[in-house]
Amino acid sequence: MKKKILFIFMLGVFSCNILSCGKSQINDASQQLDSKSEKTISNDQKQNKEEFSSDSADSYPIVSYDDISTGRYNGQTVRIKCIIDRINVKFENSCSFSLWYPISNGYIYEGSATNSFHDVSPDSPEFVFLNAENGDIILYTTTIYDDGSFGTNNILSAENIGKEDLNKIYTDYKATCSEINYEDVLRNPKSFENSIFKITGSVSQVISEDSYSAEYLISTSSGYIYASWYDDELIRGSRFLEEDIVTIYGKFEMLKTYDTLIGNQNTVPQISVQFMDLQ
């Protein structure tokens, strides 16, 4: 009887060793499979990252800002020309800047608030922007979003292809700014979305001025204008004082409701300033 019990016990131990060994082999095999999968995923990611090259950029069409505005290129990869301006290199591998895009009747401005790079590596297309000078023409490749929007947050390639006279751009831009029809803008603000205006008046109030932006209340013969300037103080230059006579050039953003000094509220057109000239 004891021999029979001992035999059964030894058989159980032997079976456990086999199961343990099998389990270990299964775990080893699973780990090897996971390792191979991770390598495969890593290789796939690397391949996808390297799939786009400067050579493949040539296969995409060069389009204008006007072309994109039609919606024809929504969701597509394209190349587009821009002129870089107001470069502010804050650190060795970081910068902010503004862009001018050619349009049919001049140029459209994209301010520094929407264009910035951080931790730029030398092998990236962003490095072309980091090393550009004001007035350089850059041709870059990007994908237009489905809603027609685009920018410099998804650059696939970039090259510096020439130089443009910024003073000519400034002159052309100012010439395309129309005089604001104050009442029409207040009545139908959506009809004037992204319209560019030229407005002359006096600085009624300096609402705020800091290192990165400034806001002013401009008094005109038709009413007040809320002027928001999103460039930093180095680009804005000398400060503006209350009662200064100025001409502002910029894009209509929306209607702005603000609190007056006497505690009331007032709703006026808000302009994103590109230029503010002392008269």
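The following questions and answers concern a predicted model of one protein chain.

Reader: How many helices and strands does the secondary structure of the chain come to?
Author: The chain has 279 residues, of which 34% count as buried. Among contacts with a separation of 6 or more, 56% join residues 24 or more positions apart. The secondary structure comes to 7 helices and 13 strands.

Reader: What share of the exposed area do carbon and sulfur atoms supply?
Author: The chain exposes about 16900 Å². Of this area, the share supplied by carbon and sulfur atoms is 50%.

Reader: What is the mean pLDDT of the chain, and over which residues is the pLDDT below 50?
Author: The mean pLDDT is 83, and 79% of the residues reach 70 or more. One stretch has a pLDDT below 50 and, beyond near neighbours in sequence, has 0 contacts in the model. Where pLDDT is low, the predicted coordinates should not be read in detail. The mean is thus 83, and the stretch with pLDDT below 50 is residues 1-49.

Reader: Why is strand S3 largely enclosed by the rest of the structure?
Author: Strand S3 covers residues 94-103. A residue counts as buried when its relative accessible area is under 20%. Strand S3 is largely enclosed because, of its 10 residues, the number buried is 8.

Reader: In which sense do strands S2 and S3 pair, and over how many bridges?
Author: A hairpin joins S2 to S3 through 2 residues. Within this pairing, Phe-91 has Ser-94 of S3 as its bridge partner, and Ile-84 is matched with Leu-99 of S3. Strand S2, residues 77-91, pairs with S3 in the antiparallel sense, over 6 bridges.

Reader: Which residue of S4 stands opposite Tyr-101?
Author: Strands S3 and S4 form a hairpin with 2 residues between them. S4 spans residues 106-110 and pairs with S3 in the antiparallel sense over 5 bridges. Opposite Tyr-101 in S4 stands Ile-108.

Reader: Which residue of S5 stands opposite Cys-95?
Author: Strand S5, residues 116-117, also pairs with S3. The sense is antiparallel, and there are 2 bridges. The residue of S5 opposite Cys-95 is Phe-117.

Reader: Which residue of S2 is the bridge partner of Val-63?
Author: Strand S1 covers residues 62-63 and pairs with S2 in the parallel sense over 2 bridges. In S2, the partner of Val-63 is Ile-80.

Reader: Which residue of S6 is the bridge partner of Thr-77?
Author: Strands S2 and S6 pair in the antiparallel sense. Their pairing comprises 7 bridges. In S6, the partner of Thr-77 is Thr-143.

Reader: With which side chain does the side chain of Asn-115 make a polar contact?
Author: Asn-115 is found in the loop between S4 and S5, and its relative accessibility of 3% means that it counts as buried. Leaving out residues up to four places away in sequence, Asn-115 touches Ser-96, Phe-97, Leu-99, Glu-110 and Thr-152. The polar contact, at 3.0 Å, is made with the side chain of Thr-152.

Reader: What separates the C-alpha atoms of Gly-148 and Arg-72?
Author: Gly-148 has its place in the loop between strand S6 (136-143) and strand S7 (155-163). Not counting residues up to four places away in sequence, Gly-148 touches Ile-68 and Asn-74. Gly-148 and Arg-72 are 76 residues apart along the chain, and their C-alpha atoms are separated by 8.6 Å.

Reader: Is Cys-82 buried or exposed?
Author: The count of disulfides in the model comes to 0. Cys-177 has a relative accessibility of 8% and counts as buried. Cys-82 has a relative accessible area of 0%, so this residue is buried.

Reader: What is phi of Asn-194 near?
Author: Asn-194 lies in the loop between helix H6 (182-187) and strand S9 (196-209). With a relative accessible area of 48%, Asn-194 is partly exposed. Phi of Asn-194 is a positive value in a residue other than glycine, near 70°.

Reader: Is Glu-243 buried or exposed?
Author: Glu-243 is found in the loop between helix H7 (233-236) and strand S12 (245-259). Phi of Glu-243 is near 80°, a positive value in a residue other than glycine. The threshold for exposure is over 50% relative accessible area. At 71% relative accessibility, Glu-243 therefore counts as exposed.

Technical notes
Residues are numbered from 1 along each chain as its sequence is written. Side-chain values use heavy atoms; hydrogens and water are left out. Helices (H or I, at least four residues) and strands (E, at least two) are DSSP runs, numbered from the N terminus. Buried means under 20% relative accessible area, exposed over 50%, partly exposed in between (1.4 Å probe, protein chains only). Contact means heavy atoms within 4.5 Å. Accessible areas come from the Shrake-Rupley method with a 1.4 Å probe; for residues, only the protein chains shown count as cover. Two strands pair if DSSP finds at least two bridges between them. A disulfide is a pair of cysteine sulfur atoms within 2.5 Å. pLDDT is the predictor's confidence in each residue, from 0 to 100. A polar contact is a pair of N or O atoms within 3.5 Å; within protein, one must be able to donate a hydrogen and the other to accept it, and residues adjacent in sequence count only if both atoms are side-chain atoms.
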